[in-house]
Amino acid sequence: MAQNVSGHAPKPFWANLPHTNIHVSTTPDVLHQLYQGVLKHLISWCQILMTEEEMDRRIRCLPPGLGLRHFKNGISALSQISGTERKNMGKILLACLVGSSLPERGVTACRAILDFIYLAQYSTHDEETLGYMDAALETWHKNKDYFIQVGLRTHFNFPKLHSLQHYVQSIRYFGATNNFNTEMFERLHIDFSKKGWRASNKRDEYPQMTTWVVRKENVHAFKRYTTWVQKQLRKLFVSFFLVVS
């Protein structure tokens with residue numbers, strides 16, 4: 001890059017620290033690593049191989065089902081896809097691939113990733129379920145070169161896909177992935193982003209959103225201060241009347 005500025009650290013600060021394993025410090029994140037990362041890539045690869053039009057046609061042809069979302073217009077026109085929408089896409093992806101132009105190896109690779117995603121979300125694990133995760137990952141590695149052979153990918157060396165290698169170890173160390181899933185904090189986007197955007201004039205919105213959030217925090221802080229002052233005054237008045245009486 002220009003002026004020798006790089007986006008990575010060639011000599012990270014933790015390289016020579018004793019008893020340091022950087023991979024252990026980064027716990028799995030089902031929402032952003034699996035759904036908004038690996039599954040997002042997988043769907044885009046299938047759209048390229050099958051064409052977006054064919055993928056949308058197959059999605060529109062799927063019959064309604066309990067717990068399934070029916071994308072009546074397909075998925076290619078969607079923008080700013082949420083985690084919930086991505087989960088609903090994962091539920092119907094395999095049904096759209098069966099009988100398509102994708103050969104068996106391509107479908108098997110996709111199935112292995114979907115199996116891994118659902119196994120990783122188990123609320124409890126034992127050696128048998130962890131073995132299922134290892135088997136799904138092994139199936140993916142055996143069939144993933146299909147995407148390279150058709151010229152869609154030249155490698156699979158990107159962080160979110162690599163993170164799958166550490167899921168089983170992290171579960172053994174820290175427990176099920178719902179212990180450290182960031183999905184529970186997604187609602188804060190409503191308070192800190194969506195409401196701020198709606199309060200702006202939709203032009204050059206970031207400074208306005210920042211100002212809106214700061215003002216909200218100031219109002220909240222002042223409200224907490226006045227509540228504290230009122231409590232102190234009540235205690236003071238009670239003490240005063242006790243002394244007088």
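How much space lies in the largest cavity? About 30 Å³, and the first close-up below shows where to look for it. Please keep in mind that this is a predicted model.

**View 1. The largest cavity has a lining of seven nonpolar residues.** Here you can see the residues that line the largest cavity: Ile43, Met55, Ile59, Ile75, Met89, Ile92 and Leu93. Two elements, α3 (52-61) and α4, each give two or more residues to this lining. The largest share comes from α4, which supplies three residues. No polar residue and no charged residue takes part in the lining of the largest cavity. The count of cavities of 30 Å³ or more comes to one.

**View 2. The largest pocket encloses about 580 Å³ of space.** Sixteen is the number to check as you go round, for 16 residues line the largest pocket. Those nearest the centre of the largest pocket are Ser82, Gly83, Glu186, His189 and Lys194. Three helices, α2 (30-50), α4 (83-97) and α10 (188-199), each supply at least two residues of its lining. Of the elements, α10 gives the most, with four residues. Sorted by class, the lining of the largest pocket has eight polar, five charged and three nonpolar residues.

**View 3. The second largest pocket has a volume of about 250 Å³.** One part of its lining is made of Ile22, His23, Thr26, Thr27, Pro28 and Gln33, among others. Further along the chain, the lining also includes Pro159, His162, Ser163, His166, Tyr167 and Ser170. At least two residues of the lining come from each of α1 (22-25), α8 (159-162) and α9 (167-174). What classes of residue do we find in the lining of the second largest pocket? Eight are polar and four are nonpolar, while no charged residue is present.

**View 4. Trp140 and Phe156 meet edge-to-face.** The whole structure holds nine aromatic pairs, and this close-up picks out one of them. The rings of Trp140 and Phe156 lie 5.5 Å apart, centre to centre, with 80 degrees between their planes, which makes the pair edge-to-face. Trp140 belongs to helix α6 (residues 127-143), whereas Phe156 is in the loop between α7 (145-149) and α8. The two residues are 16 residues apart, and their pairing links distant parts of the chain. Both Trp140 and Phe156 are buried. Widen the view a little and you meet a cluster, in which ring pairs link Trp45, Trp140, Tyr146, Phe147 and Phe156.

**View 5. Lys202 places its charge over the ring of Trp197.** In this close-up, look for the charged end of Lys202, which is 4.9 Å from the centre of the Trp197 ring.

**View 6. Cys61 and Cys96 stay unpaired.** Why does a search of the whole structure find zero disulfides? A disulfide is a covalent bond between the sulfur atoms of two cysteines. For Cys61, the closest cysteine sulfur is that of Cys96, and because 9.2 Å lies between the two, they are too far for a bond. The same pairing holds when you start from Cys96, whose closest cysteine sulfur is in Cys61, at 9.2 Å. The surroundings of these cysteines are worth a look too. Cys61 counts as exposed, at 56% relative accessibility, whereas Cys96 counts as buried, at 1% relative accessibility.

Conventions
Residues are numbered from 1 along each chain as its sequence is written. This is a predicted model: local features need pLDDT of at least 70, side-chain atom pairs count only at pLDDT 80 or more; totals for chains, interfaces and linings use all residues. Side-chain values use heavy atoms; hydrogens and water are left out. On a 1 Å grid over the protein atoms alone, a cavity is a set of points where a 1.4 Å probe fits but cannot get out, and a pocket is an open set with protein on both sides within 12 Å along at least five of seven lines; lining residues have an atom within 4 Å of a point. Grid points are joined across faces, edges and corners, and a volume is the space filled by probe spheres set on the points. Ala, Val, Leu, Ile, Met, Phe, Trp, Tyr, Cys and Pro count as nonpolar, Asp, Glu, Lys and Arg as charged, and the others, Gly among them, as polar. Rings of Phe, Tyr and Trp (its six-membered ring) pair if their centres lie within 6.5 Å; planes under 30 degrees apart count as stacked, over 60 as edge-to-face and the rest as tilted. Buried means under 20% relative accessible area, exposed over 50%, partly exposed in between (1.4 Å probe, protein chains only). A charge sits over a ring if NZ of Lys or CZ of Arg is within 6 Å of the ring centre and within 35 degrees of the ring normal. A disulfide is a pair of cysteine sulfur atoms within 2.5 Å.
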